[in-house]
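Trainee: I keep meeting labels for residues and pairs, and I want the reasons behind them. Can we take them one by one?

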Amino acid sequence: MVKKRVPDWLNNSMWSSTTATATTPLSPSHHPPPSSPFTEENDRLRRRQTAAAQQPKVDPPVNVPPPPSLSKRQQQDDQKVTANSNVTDVTDNSDAESGTHSAEDISRQAQLLIELSRKVINMNELRRIVCQGIPDGSGVRSTVWKLLLGYLPPDRSLWPAELAKKRTQHKKFKDELLMNPSEISRRLDRSTICDDEAKCESSGMLSRSEITHGEHPLSLGKSSIWNKYFQDSEIIEQIDRDVKRTHPDIAFFSGDTPLAKSNQEALRNILIVFAKLNPGVRYVQGMNELLAPIYYTFRNDPDEDNAAFAEADTFFCFVELLSGFRDHFCQQLDNSVVGIRSTITKLSQLLKQHDEELWRHLEVTTKVNPQFYAFRWITLLLTQEFSFTDSLHIWDTLLSDPEGPQDTLLRVCCAMLILVRRRLLAGDFTANLKLLQNYPATNISHLLYVASKLCTRSSV
């Protein structure tokens, strides 16, 4: 069998991850690639990326109220990150490109503001603008995500009524599903007492509440509120543990501050309500990681009224997001055409289509099963592979796909493999598995550009 030649567009040094080389040293068994015409340019890029990697990790804003000041803080921090990590095609002058990207961000932000100011928003145009990310500091990510997830209709005049209806509905869910069975019993007792008061007074007897079998704490009946409560206790305990572990390095989510505790309580409420409303899926570990970016974005909305209802808005957007991925969390469907293994197979086929040499080396020569690394990539939408700020930019692109996030997610995953192809081709099973399970830092704008390039070539 004749080995398929690697496409010329993949041989360009732009597909190699220079950032990865700078931030993650190769093992002693690895040898640097032979010199090329771009060696000098690559060396300069490595020095710039090393300086960027040494910058302190940007912590998302701590003080939520008031949201407008948060937006300024986030804008300043993110601008520092962007300025230090803006690496482009190695064949061009990186200094000139850095300025060009800044101009592109400004232009994209202006286009976004114009589109969002229209009476009826053109969703196709909005998706086109957002597909390469929302500029930091624009303060519109919350609104854009609500539109992309279908929570807000394109007609702006309908927003107030739609928001009021959904937020009222969420309050009812909380009142009904987060209530302790003792409170439910007390309410039932009150209604029973009120109904029998007239009879009791006429007979001279004191009113007395009767405990039915279904309302007894020891009842094992399927309709018993106490039996359901104890069945839910295990899931609620798991939710509590996972919520406390959500982004422990970010003060917004972790710690004993009133801010962190308030945000943890909101995440907990959303996940419990979701689990009770979706008994077929309930709660699966990792859902908290998918919830965190949405809640963080909505809670930091510059509009104080919207920020105050972040929990309700996040709940419905979280439900919408999971509607396209819920089968990945259902173990019974793992081996079906809609299960997680089928999705991982699609990633393998996509890599084979675009880079058969790399695919063969990974899956045939070194026998690195895609499930070893892609399971987490796909189920958690890359939230664990990159910094929190970078994850938000990736999600901008994922949510902008009109067909749903999955196809774009697979292209981004494929681009991640291609960007480190040189290291993968030089590695064995152990080295490659370690690299892919601890993906090196990379320029997100460049990663998304490569993913879009794969989309273009697939359609040819």
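**Labels and their reasons**

Trainee: Why is Arg118 called partly exposed?
Mentor: Arg118 has a relative accessible area of 40%. The partly exposed band runs between 20% and 50%, so Arg118 falls inside that band. Keep in mind that this is a predicted model.

Trainee: What makes Glu115 and Arg118 a salt bridge?
Mentor: Look at the distance. The closest N and O atoms are 3.1 Å apart. The limit is 4 Å, so the pair passes. Side chains of opposite charge can pair when their charged atoms come close. Across the whole structure, 17 salt bridges are found.

Trainee: Why does Glu115 count as buried?
Mentor: Its relative accessibility is 4%. Buried means under 20%, so Glu115 qualifies.

Trainee: What makes Lys146 and Asp313 a salt bridge?
Mentor: The N to O distance is 3.1 Å. That is within 4 Å, so the name fits.

Trainee: How do you know that this pair ties together separate parts of the sequence?
Mentor: Check the positions. Lys146 is in helix H7, residues 141-148, and Asp313 is in helix H14, residues 310-323. The two parts are 167 residues apart in sequence, so the pair ties them together.

Trainee: Are Lys146 and Asp313 buried or exposed?
Mentor: Both are buried. Lys146 has 3% relative accessibility. Asp313 has 0%. Each value is under 20%, so each earns the label.

Trainee: What makes Glu385 and Arg376 a salt bridge?
Mentor: Their closest N and O atoms lie 2.8 Å apart. The limit is 4 Å, so they count. Glu385 is buried at 8%. Arg376 is partly exposed at 34%.

Trainee: Which residues are joined into one network by salt bridges that share partners?
Mentor: Lys146, Arg167 and Asp313.

**Cysteines**

Trainee: How many disulfides does the structure hold?
Mentor: Zero. A disulfide is a covalent bond between the sulfur atoms of two cysteines.

Trainee: How do you know that Cys414 is too far for a bond?
Mentor: Its closest cysteine sulfur is in Cys413, 8.7 Å away. The two sulfurs must be within 2.5 Å, so the test fails. Cys414 is buried, with a relative accessible area of 0%. Cys317 is buried too, at 1%.

**Core and helices**

Trainee: Which residues have the most contacts inside the largest nonpolar core?
Mentor: Leu126, Val144, Phe318, Trp377, Leu382 and Leu417. The core has 97 residues. Its largest share, 10 residues, comes from H19. In soluble globular proteins, nonpolar side chains tend to be buried together.

Trainee: What is Val144 in contact with, leaving aside its neighbours within four places in sequence?
Mentor: Leu112, Leu116, Leu126, Val130 and Ile134.

Trainee: Which residues of helix H17 are buried?
Mentor: Tyr373, Ala374, Trp377, Ile378 and Thr379. They pack against several helices, among them H12, H15 and H19.

Trainee: Why does Ser142 count as buried?
Mentor: Its relative accessibility is 3%. That is under 20%, so the label holds. Ser142 lies in helix H7. Leaving aside neighbours within four places in sequence, it is in contact with Thr297, Phe298 and Asp301.

**Rings**

Trainee: How many aromatic pairs are there?
Mentor: The count comes to 15.

Trainee: Why is the pair of Phe253 and Phe388 called edge-to-face?
Mentor: The planes are at 70° and the centres are 5.8 Å apart. Pairing needs centres within 6.5 Å, and edge-to-face needs an angle over 60 degrees, so both tests are met. Phe253 is in the loop between helix H10 and helix H11, while Phe388 is in helix H18, 135 residues apart.

Trainee: What makes the pair of Phe274 and Phe318 edge-to-face?
Mentor: The centres are 5.3 Å apart and the planes are at 70°, so the same tests are met. Phe274 is in helix H11 and Phe318 in helix H14, 44 residues apart. Phe274 is buried at 5%, and Phe318 is buried at 0%.

Trainee: How do you know that the charged end of Lys146 sits over the ring of Phe298?
Mentor: It is 4.9 Å from the ring centre. The distance limit is 6 Å, so that part of the test is met.

Key
Residues are numbered from 1 along each chain as its sequence is written. This is a predicted model: local features need pLDDT of at least 70, side-chain atom pairs count only at pLDDT 80 or more; totals for chains, interfaces and linings use all residues. Side-chain values use heavy atoms; hydrogens and water are left out. A salt bridge is a side-chain nitrogen of Lys or Arg within 4 Å of a carboxyl oxygen of Asp or Glu. Buried means under 20% relative accessible area, exposed over 50%, partly exposed in between (1.4 Å probe, protein chains only). Helices (H or I, at least four residues) and strands (E, at least two) are DSSP runs, numbered from the N terminus. Contact means heavy atoms within 4.5 Å. A nonpolar core is a set of buried Ala, Val, Leu, Ile, Met, Phe, Trp, Tyr and Cys residues joined through side-chain atoms within 4.5 Å. Rings of Phe, Tyr and Trp (its six-membered ring) pair if their centres lie within 6.5 Å; planes under 30 degrees apart count as stacked, over 60 as edge-to-face and the rest as tilted. A charge sits over a ring if NZ of Lys or CZ of Arg is within 6 Å of the ring centre and within 35 degrees of the ring normal.
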